[in-house]
Amino acid sequence: MERKGVHHVGLATLDIDTTIEFYTRKLGWSVAWCDVIEPPDGGRIRHAFLDTGDGTLVAFMCPERVPSIPAEFKTDINSAQNLPPAFYHFAFDCNSVEDLERKREELVGHGIDVTPVVDHEWCRSIYFNDPNGLLLEYCTTVREFNDDDKIMKHRVQPGPMVKDPKDAKRVMERLIGKKAPKTETA
């Protein structure tokens, strides 16, 4: 069997309409498929598959009055697990640093609170949250991987990855949480 990549990632939301609006109007994705699932115990689950632009899908399920599912729960995964924001996140590919910078400006233009471009040495990223609290990232790889990259070890990255100390603090808070540790540049 030929491996082609990720078909879809499945996530949960408590507000499917706001979620669809965010991903289609602000990120420019499109709705690929929607359906309603009716569990045998009652209620319904509204289900939407969103195309990220390259055929990769992100699906959201929204339970409504399903007896076996809580009416309220944390949809951002990390806070439900008592983890910092960066642990569970979803990164979408950009072709170049220039595309990444354009995507950032587009997101800012839609009123989204997005970090500056972050330099991770081997890639560049921007981070922001969706209406469900999920940490999202657009990322581009800027160099080829080498044998040294495969070794698990501490690596020095450029700063906490941005030049302005205020931006560095914002990035750390977005990734690690409000109790982000002090850094040399923050």
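A residue counts as buried when its relative accessible area is under 20%. Keep that cut-off in mind as you explore this predicted model.

**Stop 1: strand β8.** Select residues 135-141, which make up strand β8. Six of these seven residues are buried, so the strand is largely enclosed by the rest of the structure.

**Stop 2: the partners of β8.** Now add residues 89-93, strand β5. β5 and β8 pair in the parallel sense over five bridges; to see one of the pairings, find His89, whose bridge partner in β8 is Leu135. Next, add residues 123-129, strand β7. Here the pairing with β8 is antiparallel, over seven bridges. Look for Cys123, which has Thr141 as its bridge partner in β8.

**Stop 3: the turn.** Follow the chain from β7 to β8: the two strands form a hairpin, with five residues between them. Click on Gly133 in this turn, where phi is positive, at about 90°.

**Stop 4: the largest nonpolar core.** Show Tyr23, Leu27, Phe128, Leu136 and Tyr138 as sticks; these have the most contacts inside the largest nonpolar core, which has 24 residues. Elements supplying at least two residues each include α1 (16-26), α2 (97-109), β7 and β8. The largest share, four residues, comes from α1.

**Stop 5: around Leu136.** What is Leu136 in contact with, leaving aside its neighbours within four places in sequence? Among its contacts are Phe22, Tyr23, Leu27, Phe90, Phe92 and Phe128.

**Last stop: a second core.** Finally, select Val118, Leu135, Val162 and Ala168. They belong to a separate core of seven residues. You have met Leu135 already, as the bridge partner of His89.

How values were computed:
Residues are numbered from 1 along each chain as its sequence is written. This is a predicted model: local features need pLDDT of at least 70, side-chain atom pairs count only at pLDDT 80 or more; totals for chains, interfaces and linings use all residues. Side-chain values use heavy atoms; hydrogens and water are left out. Buried means under 20% relative accessible area, exposed over 50%, partly exposed in between (1.4 Å probe, protein chains only). Two strands pair if DSSP finds at least two bridges between them. A nonpolar core is a set of buried Ala, Val, Leu, Ile, Met, Phe, Trp, Tyr and Cys residues joined through side-chain atoms within 4.5 Å. Contact means heavy atoms within 4.5 Å.
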